[in-house]
Amino acid sequence: MPVTAVAQDPSSAPVARAAAGPLPLRVAVPAAVAAGLVLLVAFPPYDWWVAAPVGVALLAAAVHRRRVRAGAGLGFLAGLALFAPLLEWTNLHTGMLPWVLLSLSQAAVVALLGAASAWVSPVVDRWRWAWPAVTGVLWVAQEALRSRAPFGGFPWGRLAFSQGDAPTLRLAAWGGAPLVTFAVAVAGGLVVAALWRPWRAGARARWAAVGPAVAAVAVLSVGWLVPVGVAGGGATVTVAVVQGNVPRLGLDFNAQRQAVLNNHVQATLDLAAQVAAGQRPQPDLVVWPENASDIDPLRSAAAGERIGVAAAAVRAPILVGAVLVGPGPGQSQNAGILWRPGAGPDLEQMYTKRHPVPFAEYVPLRDVARMVSKEVDRVRSDMVAGDRPGVVDAGAVTVGDVICFEVAYDGLVRDTVTGGAQLLVVQTNNATFDVAEARQQLAMVRVRAVEHGRASLMASTVGVSGFVGADGRVSDATGFNTRAVVSRQLRLGDGRTLATRVGVWPEVALVAVAVAVVAGAAVLRRRRSGAERSRVTVG
């Protein structure tokens with residue numbers, strides 16, 4: 001019988017020559033789980049930032065050349081190994097269900113990353129030099145999705161937020177958190193590119209690993225070349241942060257609302273006495289945390305009077321974190337109110353939280369959610385979102401205010417800077433969580449400070465409060481579950497970094513490249529499939 005050889009599509013030849021298959025499943029599964037655990041220790045409270053690219057590399061190796069469903073499964077394992085322990089603080093006082101559901105939802109998006117990474121394997125096999133960049137854009141796309149969906153997204157666990165002590169943090173000044181994530185993931189792609197051939201091709205190929213390994217180190221180090229600091233630095237101001245503490249941690253901390261307010265008033269009165277005695281500098285602004293007054297001070301004359309006494313004593317405006325009743329029945333607002341000494345609340349300088357937390361500050365689909373857990377009815381009133389950026393003119397300084405988890409969202413912080421903010425303030429309440437969550441949040445403040453060239457601070461009810469320089473360095477960090485007052489002179493910024501100017505566009509560009517890579521993989525797969533069907537005709 002004659003055998004007729006049909007010419008192979010040359011575009012599929014490099015792929016066809018990739019004779020080796022994926023890692024054995026008995027290796028890939030532990031590698032995926034290890035990827036999540038290694039990524040975990042890159043984040044606070046561990047802060048081993050160099051582990052992040054290693055975790056990226058482990059996941060990339062585990063899913064390479066696998067079927068899409070297998071890639072999704074391995075990605076899910078990695079995501080669960082990362083997010084279940086990273087978000088453990090969500091189950092401290094609310095039970096297991098919110099923690100489990102949140103961890104599963106975040107792991108599901110990492111499953112999409114695993115599927116996409118497996119899908120684009122033909123692109124990587126055809127152009128091995130592209131593996132690092134492909135890894136980088138897919139990670140950025142995954143984080144972009146998690147930051148927006150569902151219910152406005154949950155950006156916790158972004159690679160950028162693990163880089164507080166790394167040179168890569170400085171890249172935030174050029175392209176924000178997405179550029180930092182991209183650099184870390186590219187370094188991970190270089191690591192897997194360096195190691196894949198030695199695993200597959202023997203001793204001779206080990207020399208080929210040197211170049212990518214050196215490049216990985218270079219990518220992680222390039223941030224040292226980025227100048228950071230206060231953008232257009234001008235005047236200085238002295239700011240005091242009051243951490244009044246709560247009677248007890250947990251969901252019922254606000255059952256002692258009067259005690260929480262009294263704690264912050266008394267700590268401010270103590271600060272005023274120290275200022276009068278010359279033991280502390282006179283502050284230009286005092287910042288109280290989120291939930292410092294869960295008694296609406298605009299409706300309660302007694303609460304308003306107590307805050308007014310504190311402001312008059314310290315002789316400085318106080319940015320008060322308060323919960324306000326209304327505007328409608330069954331509604332409330334999470335707000336930062338500027339309280340001026342002798343004048344009271346300045347309602348023109350009030351910020352209402354724009355991104356309330358779903359299922360915590362409001363309950364979407366309440367009837368459906370109640371079928372899952374009756375705990376949703378702990379949220380008795382739905383918080384109404386504000387409609388304008390948190391730009392607060394305190395006289396001596398224009399503050400960019402965001403409340404609690406809002407610091408994780410790129411646009412909410414940037415809007416304050418483009419609106420004129422000279423100093424970034426994060427008002428937060430960590431009384432329902434723990435010190436790990438507080439330190440994870442402070443790591444986000446570090447990214448924002450570098451990203452926008454602004455001195456920043458975090459004010460918490462229970463800790464961790466502190467200041468962050470425009471270079472990302474933390475100073476005067478407080479302990480957890482304790483009362484503390486810290487003050488510092490800060491240089492104000494009035495310029496804009498490159499990241500502030502370009503905004504969301506670096507992320508848009510990187511996600512567009514990710515989409516193009518996925519589409520390109522579809523073309524290569526179709527060509528390869530056609531070439532395999534027509535390679536040999538037997539007649």
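These are my notebook entries on a predicted protein model.

**Entry 1: the whole protein**

I began with the overall counts. I found 16 helices and 15 strands in the secondary structure. The protein has 539 residues, and 55% of them are buried. I then looked up contacts between residues at least 6 apart in sequence, and 72% of these join residues at least 24 apart. The protein exposes about 21,700 Å², of which carbon and sulfur atoms supply 60%.

**Entry 2: helix α4 and the nonpolar patch**

I turned next to helix α4, which covers residues 68–86 and has 19 residues. From its first C-alpha to its last it reaches 26 Å, close to the 27 Å expected at 1.5 Å a residue. I listed its buried residues, among them Gly71, Leu74, Ala78, Leu82 and Phe83. Against which helices do the buried residues of α4 pack? I noted α2 (25–40), α3 (51–63), α5 (96–119), α7 (131–146) and α14 (435–452).

Leu77 is also in helix α4. With a relative accessible area of 31%, Leu77 is partly exposed, because the partly exposed class lies between the limits of 20% and 50%. I found that Leu77 joins Leu25, Val29, Val33 and Leu37 in a nonpolar surface patch of about 360 Å². Helix α2 gives this patch its largest share, four residues.

**Entry 3: the β5–β6 hairpin and Pro358**

I followed strand β5 (residues 331–340) to its partner β6, and the two pair in the antiparallel sense over six bridges. Within this pair, Leu338 stands opposite Asp346 in β6. The two strands form a hairpin with three residues between them. In the turn, Gly342 has a positive phi of about 80°.

After β6 (344–352) I came to Pro358, in the loop that leads to α12 (366–372). Is Pro358 buried or exposed? Its relative accessibility is 18%, so Pro358 counts as buried, the limit being under 20%. Leaving aside neighbours within four places in sequence, I found Pro358 in contact with Phe151 and Pro364. Pro358 and Gly153 are 205 residues apart in sequence, yet their C-alpha atoms are 9.5 Å apart in space.

**Entry 4: the open sheet**

I traced an open sheet of six strands in the order β8-β9-β10-β11-β12-β13, with mixed pairing. The edges are β8 (391–393) and β13 (474–475); each has a single partner strand, so one side of each is left without a neighbour in the sheet. For one pair inside the sheet, I noted that β9 (residues 398–403) and β10 (residues 423–428) run in the parallel sense over five bridges. Gly400 stands opposite Leu424 in β10.

**Entry 5: backbone details**

I looked up two cis peptide bonds. One joins Gly326 and Pro327, with omega about 15°; Pro327 is in the loop between β4 (318–325) and β5. Another runs from Gly463 to Val464, with omega near 5°, and Val464 is in the loop between β11 (456–460) and β12 (466–468).

I also recorded two residues that have a positive phi without being glycine. Arg315 has a phi of about 55° and is found in the loop between α11 (301–314) and β4. Cys404 also has a phi of about 55°, and its place is in the loop between β9 and α13 (410–418). Arg315 counts as exposed at 58% relative accessibility, whereas Cys404 counts as buried at 6%.

Definitions and conventions. Residues numbered from 1 in each chain as written. Predicted model: local features only at pLDDT ≥ 70, side-chain atom pairs only at ≥ 80, totals over all residues. Heavy atoms only, no water. Buried < 20%, exposed > 50% of the residue type's maximum accessible area, 1.4 Å probe, protein only. Contact = heavy atoms within 4.5 Å. Expected span 1.5 Å × (residues − 1). Pairing = 2+ DSSP bridges. Patch = residues over 30% accessible without salt bridge, like charges linked within 9 Å, V, L, I, M, F, W, Y side chains within 5 Å. Areas by Shrake-Rupley, 256 points an atom, 1.4 Å probe, with all protein chains shown as cover. Salt bridge = Lys/Arg side-chain N within 4 Å of Asp/Glu carboxyl O.
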